[in-house]
Amino acid sequence: MLAPPAKKTSLAESEATMKIGIVGSGFVGATAAYALVMRGVGREIVLVDKALPRAEAEADDILHAVPFAHPLEVRAGDFPDLKGSQLVILAAGVGQQPGESRLALLARNAAVFSDIVPKILRYAPEAVLVVATNPVDVMTHVAATLAERLGLPRSRVLGSGTTLDTARFRAMLGQHLGIDAHHVHAYVLGEHGDTEVLTWSLVNVGGLPLDHFAATTGICLSEEVRQRIDHEVRDAAQMIIAGKGATYYGVASALARIASAVLGDQRAMLTVSSQTDAIAGVEQVTLSLPRLVGGAGVLTEFPPPLNADEERALQHSARTIRDATDSLSGAF
């Protein structure tokens, strides 16, 4: 059942609650703050990082962009400064060390979240938590589990999931079709990672099924073309990291979009990561599906009708995430 829209508030009331916290001031956290300023999302942004000088420097640098964008307050702080935050982005975590296994990295990041999630909720007990730390589906599960123990409903914890992958899919399709990507409706589901599922059967362009649009315009959409686009979407992060060492503009923009949907109670359809009771035969797994996002976080989900190949691929993706989550048993 859909949750009702949030009660309408006055401009003064809404501005008073439009405070966003960002825990972790590395590339992703700082760029997310910049993207929020450029979009004009929120009224106050607080950057929290264990390295306070880094948070202060990033906050000052972003604050200096405010006169060219939107009137927001941007500052550094500590966990008590998150008090009153309507939304908190979690971009904190540790990097993988040479020779370190993925499981060991997961355990170390779970330990980081075990420390920071209770601190966040001590001062912002009703905030919606948006997880950006990778592997984002597993870390969203960790954050939701920790938050639920402290009384926050799981629906108020979501991950950026495949929001960025969906944008990549739409951007590359738009480029191939010669049309503004805003008119391309396509979804990437499952894991934000190697097993993600590009749902070609659901794609429409301006309300027209993809194959019909391609046939009408004479644009080639052969299996070779589809495989190329699939590769470009699936391996985008690796290609970007190989060229410049990290990805942050795309995911920061995705985080700003999610924040806008939450703070404005927009009831937007986004492929965020959240726990679902069962999908493709896998139970209690945290992954991305089209979900309605508003002021209370995830309002409901819409498992789409997939063809047989996509359903099998989604099942594989869900099992991959569930296996990774199970491997952390007892670690947080």
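Here's a quick briefing on the pockets, sheets and odd backbone spots in this structure. Keep in mind that the model is predicted. The main open site is a pocket of about 1,500 Å³, with 49 residues in its lining. Beyond that, there are two open three-stranded sheets, β12-β15-β16 and β7-β10-β11, plus a buried strand, β4, with β1 and β5 as parallel partners. A few backbone oddities are worth a look too, including a cis peptide bond between N134 and P135.

**The largest pocket**

- If you're placing a grid box, the residues nearest the pocket centre are V94, N109, A132, T133 and N134.
- Which elements give two or more residues to the lining? They are α2 (27-39), α4 (102-123), α6 (163-177), α8 (223-234) and α9 (236-244).
- The top contributor is α4, which puts seven residues into the lining of this pocket.
- Chemically, the lining is a mix: 21 residues are nonpolar, 17 are polar and 11 are charged.
- N134 does double duty here, as it is among the residues nearest the pocket centre and is also joined to P135 by the cis peptide bond.

**The cavities**

- Searching the whole structure turns up two cavities of 30 Å³ or more.
- The second largest of these has a volume of about 40 Å³.
- Its lining is made up of T140, A144, R154, V157, S274, Q275 and T286.
- Two elements, α5 (136-149) and β13 (273-279), each give two or more residues to that lining.
- By class, the lining of this second largest cavity has two nonpolar residues, four polar ones and one charged one.

**β4 and its parallel partners**

- Is strand β4 (residues 87-90) buried or exposed on its two faces? Both are covered, with L87 and I89 buried on one side and V88 and L90 buried on the other.
- That split fits the usual pattern for a regular strand, where side chains alternate between the two faces of the sheet.
- On one side, β4 pairs with β1 (residues 19-23) in parallel, through four bridges.
- Within that pairing, V23 sits opposite L90 of β4.
- β4 also pairs with β5 (residues 128-131), again parallel and over four bridges.
- L90 turns up here as well, standing opposite V131 in β5.

**The β12-β15-β16 sheet**

- This is an open, antiparallel sheet of three strands in the order β12-β15-β16.
- The edge strands are β12 (268-270) and β16 (297-301); each has a single partner strand, so one side of each has no neighbour in the sheet.
- From one strand to the next, the twist averages 40°.
- β12 and β15 (residues 291-294) run antiparallel and are joined by three bridges.
- In that pair, A268 stands opposite V293 of β15.
- Helix α10 (residues 249-263) lies across β12 and β15, and runs at about 145° to β12.

**The β7-β10-β11 sheet**

- The other open sheet also has three strands with antiparallel pairing, ordered β7-β10-β11.
- Its edges are β7 (184-185) and β11 (208-209); each pairs with a single strand, so one side of each is left without a neighbour in the sheet.
- β7 is joined to β10 (residues 204-205) by two bridges, running antiparallel.
- Here H185 faces off with N204, standing opposite that residue in β10.

**Backbone spots to check**

- As background, most residues other than glycine have a negative phi, and most peptide bonds are trans.
- The peptide bond joining N134 and P135 is cis, with omega at about -5°.
- P135 itself lies in the loop between β5 and α5.
- D265 isn't a glycine, yet has a positive phi of about 45°.
- Where is D265 found? It belongs to the loop between α10 and β12.
- With a relative accessibility of 19%, D265 counts as buried, since the cut-off for buried is under 20%.
- Q284 is another non-glycine residue with a positive phi, in this case near 50°.
- Unlike a loop residue, Q284 is found in a strand, β14 (residues 282-288).
- Q284 is partly exposed, at a relative accessible area of 37%.

Key:
Residues numbered from 1 in each chain as written. Predicted model: local features only at pLDDT ≥ 70, side-chain atom pairs only at ≥ 80, totals over all residues. Heavy atoms only, no water. 1 Å grid on protein atoms, 1.4 Å probe; cavity = no way out; pocket = protein on both sides within 12 Å on 5 of 7 lines; lining within 4 Å. Points joined across faces, edges and corners; volume = space filled by probe spheres on them. Nonpolar A, V, L, I, M, F, W, Y, C, P; charged D, E, K, R; others polar. Buried < 20%, exposed > 50% of the residue type's maximum accessible area, 1.4 Å probe, protein only. Pairing = 2+ DSSP bridges. Axes fitted to C-alpha atoms, helices over the stretch in contact; angles between N-to-C directions. Contact = heavy atoms within 4.5 Å.
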